[in-house]
Amino acid sequence: MADKCDCEPSGECTLDRYRRDIAFYKSLPTTPVAYRNEKALADIMLGEHAFGFVGGGGSCSGCGEGTVVRMVMAATLQVYGPQSMGIVAETGCNTVFASTYPYNPFTVPWTNSLFENGPADALGIRLRWDQAGHADRRLWVFGGDGAMYDIGFQSLSRLVASGHDIKVLVLDTGVYSNTGGQTSTASFTAQVSKLSAYGKAEHGKQEKRKELGRILMAHGDAYVAQVAACNINHLYKAVMDANAYPGPAVIIAYTPCMPEHGIADDAANRQAKLAVESRAFPLFTYDPRRGDSLAERLSLQGNPAVKEDWSKNPDGTTFDFISFARTEGRFRQHFDAEGKPSHELEASQEDRAHDWRILQEMAGIR
Ligand SMILES: Cc1ncc(C[n+]2csc(CCOP(=O)(O)OP(=O)(O)O)c2C)c(N)n1
Ligand code: SF4
């Protein structure tokens, strides 16, 4: 992303330069198969069908949602073909940055009904496609944490219980980003956001974070995963396994949001990595095809120091949730002049440790 100007130092206007570069890019052939490494899943983006989310998206510079959407499209279209997919979008940043009139950056059919009923809408589409002999088409529902954890939770739960072959992508920014960053049940305890301000009486969010991943695993036979774009192979593998799963699959993606997390435009990848390393957002995959027990089904592969409470920095010091909180503006008011964290942030850290220990227990590690 760059500011546009009529005359850059080279004498060319920014838009003309971009038009020239894109025309050159489009004139190039696809990378030959011999130069793509099947084991390095990042090479999916070199595929002939990888671009299902193209120019015209109107997200903020560096938005973490846009990257995950692009990766999910690539992993689906490259495996199933360019006409293989449809999207039901729940209202949120994903619908706003993807429907900037007169453009729609998706190359596949896309619909937006409401904020809270994407899964219900998708159930109707799935049944009609199956009737018409299109059971092989992949159907995805995209929505934010406000939509999926809160307002549309019932609709999501119904979809998962139905057993139908529908895939769900939860874009978890931990706030209602599109309407200005109100607290959701995915927000961390102590996080400062709209409706959970830091003031005299209250210091950020009071409640604990709701763990949608654990709730969905409890539904029984659904594929569930927590992913982050910084762990490229893990994310692509989860999307491919979700697409191949003969039933409902829900991918919950950690998606940094610049204005609401208080981070810089180029920080999405770094902050997602820190969120994983600090147990703020552990990675996991839960695949019922692996066996009957929770321990067989749940894998924590992809997290650092899987058997420990916390991971370590290269110098041997502990990297915990408070260390992560120090790096983002949304927790800034919880540190005093000497950098000492508040009681609320310590409670939030205990909540993150507890979530991690439950996942370890379920995976048979603890
Ligand atoms: C029933 C209903 N209530 C409120 C709104 C207004 N609204 C539109 S988007 C949005 C927030 C979306 O937040 P989230 O689902 O977390 O997605 P994000 O924007 O963070 O990606 C709200 C409250 C609405 N469209 N419909
Ligand atoms: S507000 Fe956040 S989620 Fe929405 S487009 Fe901007 S960076 Fe992305």
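Select ligand 1 and Val175 in this predicted model: an oxygen atom of the ligand is 3.0 Å from a polar backbone atom of Val175. Now add Gly146, where a polar backbone atom is 2.8 Å from an oxygen atom of ligand 1. Thr173 comes next, this time with its side chain shown: an N or O atom there is 3.3 Å from an oxygen atom of ligand 1. The protein covers 74% of the 590 Å² of accessible area that ligand 1 has on its own.

Widen the selection to the shell around ligand 1, which has 16 residues. The closest are Glu65, Cys93, Gly146, Ala147 and Ser177. Colour α5 (145-151) and β5 (175-176), since each supplies at least two residues of this shell. With three residues, α5 gives the most.

Then move to helix α4, residues 118-131. Pick the C-alpha atoms at its two ends: they are 20 Å apart, which agrees with the 20 Å that 14 residues should span at 1.5 Å a residue.

Show the side chains of α4 and select Gly118, Pro119, Ala122, Leu123, Arg126 and Trp129, the buried residues of this helix. They cover an arc of only 135 degrees around the axis, which puts them on the same side of α4. To see what they pack against, display β1 (85-89), β3 (138-144) and α6 (153-162). Turn to the other side of α4 for Arg128 and Gln131, which are exposed.

Last stop: Gly133, just after α4, takes a positive phi of about 85 degrees.

Terms used:
Residues are numbered from 1 along each chain as its sequence is written. Chains are lettered from A and ligands numbered from 1 in the order in which they are written. This is a predicted model: local features need pLDDT of at least 70, side-chain atom pairs count only at pLDDT 80 or more; totals for chains, interfaces and linings use all residues. Side-chain values use heavy atoms; hydrogens and water are left out. Helices (H or I, at least four residues) and strands (E, at least two) are DSSP runs, numbered from the N terminus. The expected span of a helix is 1.5 Å times one less than its number of residues. Buried means under 20% relative accessible area, exposed over 50%, partly exposed in between (1.4 Å probe, protein chains only). The arc is that of the directions from the helix axis to the C-beta atoms. Contact means heavy atoms within 4.5 Å. A residue is near a molecule or strand if one of its heavy atoms lies within 4 Å of it. A polar contact is a pair of N or O atoms within 3.5 Å; within protein, one must be able to donate a hydrogen and the other to accept it, and residues adjacent in sequence count only if both atoms are side-chain atoms. Accessible areas come from the Shrake-Rupley method with a 1.4 Å probe; for residues, only the protein chains shown count as cover.
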